[in-house]
Every structure is written in C-alpha cells, then in structure tokens.
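Hi everyone, thanks for coming. I'd like to walk you through one structure today, so please have a look at the screen.

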Amino acid sequence: IWEMGRMIATARIVMPRTMVRLSAGRLSFSEAEQSMMFMAGANSIFNGDKLLTTANPEYNADMALFQKLGLKGKPAHTEARESPLKDRVVIEHTTKEVQMQA
C-alpha cells in the first residue's frame, strides 16, 4: 500500500492537473487504504459495481466513502480542478512556436 501511495503522490506532484484514477482492483484495498490514496492525490475513479472484467465497489459504497472523507465528485467531461499544490510546486514548460505557411 505504501508503494501505491508514493506512486500516486509522485504523479500528483509531477503532473498536478492530471486525473490520477483509482480503477480496477479497488476492492482489494480497505476503506482506510483507499482513503490514504485519495489523500495522497488520487482524484478520479471509475464507478459502478462492475468494470469490463473486474468487480468494483457499488456506487452507494463509493458515495458513502466520499461523504466520510468530505470529497465531492465533479460532473463528467468538465475541466480539471486547479491543483491544491499550485502555489507549492512550480513546473515551467517551454514551447517552440511553429508557424505553418500556406
């Protein structure tokens, strides 16, 4: 579990606006372990009681866990929320503009 938490936290720091999703296999983790993953930076799940080939927590169980943790879902297909680490982590990107000529 600690390796998973470190991996999630690293992904959150390196890619602060990325959706870090917990997916298949969540049933193998306890509520406490899933909670740690959310606190480490996971911010997305697939919900519904069955994925393509793997069982998944029931929707109501996920909502109960979110309520316990004070988490709120966001509607699908919207922009990512601003990273809570935006003031602590600075990542600069450089781009090279290329102009196309007709």
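Let me start with a question for you: with which residue does K68 form a salt bridge, and how far apart are the closest N and O atoms? The partner is E31, and the closest N and O atoms of the two are 2.6 Å apart. K68 sits in helix α3 and E31 in helix α2, so this salt bridge ties together parts that lie 37 residues apart in sequence. As for how open the two ends are, K68 counts as exposed, at 60% relative accessibility. E31 has 38% and counts as partly exposed.

Before I go further, please keep in mind that this is a predicted model.

Now a step back to the overall layout. The protein has three helices and two strands. Reading from the N terminus, the order of the elements is α-β-α-β-α. Of the 102 residues in the protein, 24% are buried. The accessible surface comes to about 8,100 Å², and carbon and sulfur atoms supply 56% of that. One more number for the whole chain: take the contacts with a separation of 6 or more, and 61% of them are between residues 24 or more positions apart.

Back to the charges. How many salt bridges does a search of the whole structure find? There are three, and you have already met the one between K68 and E31.

Another of them joins R26 and D62, with the closest N and O atoms 2.9 Å apart. R26 is in the loop between β1, residues 21–22, and α2, while D62 is in helix α3, so here the pair ties together parts that are 36 residues apart in sequence. Are these two residues buried or exposed? R26 is buried, and D62 is buried as well.

That leaves R6 and E3, whose closest N and O atoms are 3.7 Å apart. These two are three residues apart in helix α1, which means about one helical turn separates them. R6 is exposed at 52% relative accessibility, and E3 is exposed too, at 55%.

Let's move on to the aromatic side chains. The structure holds one aromatic pair. It is made by F38 and F66, and because their ring centres are 5.5 Å apart and their planes meet at 85 degrees, the pair is edge-to-face. If you wonder about that label, the cut-off for edge-to-face is an angle over 60 degrees between the planes. F38 belongs to helix α2, residues 31–40, and F66 to helix α3, residues 59–69, so the pair ties together parts 28 residues apart in sequence. Both rings come from buried residues: F38 has a relative accessibility of 8%, and F66 has 11%.

While we are looking at helix α2, find S35, which lies in that helix. S35 counts as buried, with 13% relative accessibility. Which residues does S35 touch, leaving aside those up to four places away in sequence? The answer is L65 and L69.

There is another ring to point out, this time with a charge over it. R21 lies over the face of F46, at 4.5 Å from the ring centre.

Next, the surface. Which residues form a nonpolar patch there? They are I13, V14 and M15, and together they have about 260 Å² of accessible area. I13 is part of helix α1, which covers residues 2–14. At 41% relative accessibility, I13 counts as partly exposed.

My last stop is E58, in the loop between β2, residues 44–45, and α3. E58 is exposed, at 53% relative accessibility. How far from G48 is E58 in space? From C-alpha to C-alpha they are 5.5 Å apart, with their positions 10 residues apart in sequence.

To pull the threads together, helix α3 came up several times. It holds F66, the partner of F38 in helix α2. It also holds D62, which pairs with R26 from the loop between β1 and α2. And it holds K68, which pairs with E31 in helix α2.

That's my tour. Thanks for listening, and I'm happy to go back to any part of it.

Conventions. Residues are numbered from 1 along each chain as its sequence is written. This is a predicted model: local features need pLDDT of at least 70, side-chain atom pairs count only at pLDDT 80 or more; totals for chains, interfaces and linings use all residues. Side-chain values use heavy atoms; hydrogens and water are left out. Rings of Phe, Tyr and Trp (its six-membered ring) pair if their centres lie within 6.5 Å; planes under 30 degrees apart count as stacked, over 60 as edge-to-face and the rest as tilted. Helices (H or I, at least four residues) and strands (E, at least two) are DSSP runs, numbered from the N terminus. Buried means under 20% relative accessible area, exposed over 50%, partly exposed in between (1.4 Å probe, protein chains only). A charge sits over a ring if NZ of Lys or CZ of Arg is within 6 Å of the ring centre and within 35 degrees of the ring normal. Patches are made of residues with over 30% relative accessible area and no salt bridge: like charges are joined within 9 Å, nonpolar side chains (Val, Leu, Ile, Met, Phe, Trp, Tyr) within 5 Å. Accessible areas come from the Shrake-Rupley method with a 1.4 Å probe; for residues, only the protein chains shown count as cover. A salt bridge is a side-chain nitrogen of Lys or Arg within 4 Å of a carboxyl oxygen of Asp or Glu. Contact means heavy atoms within 4.5 Å.
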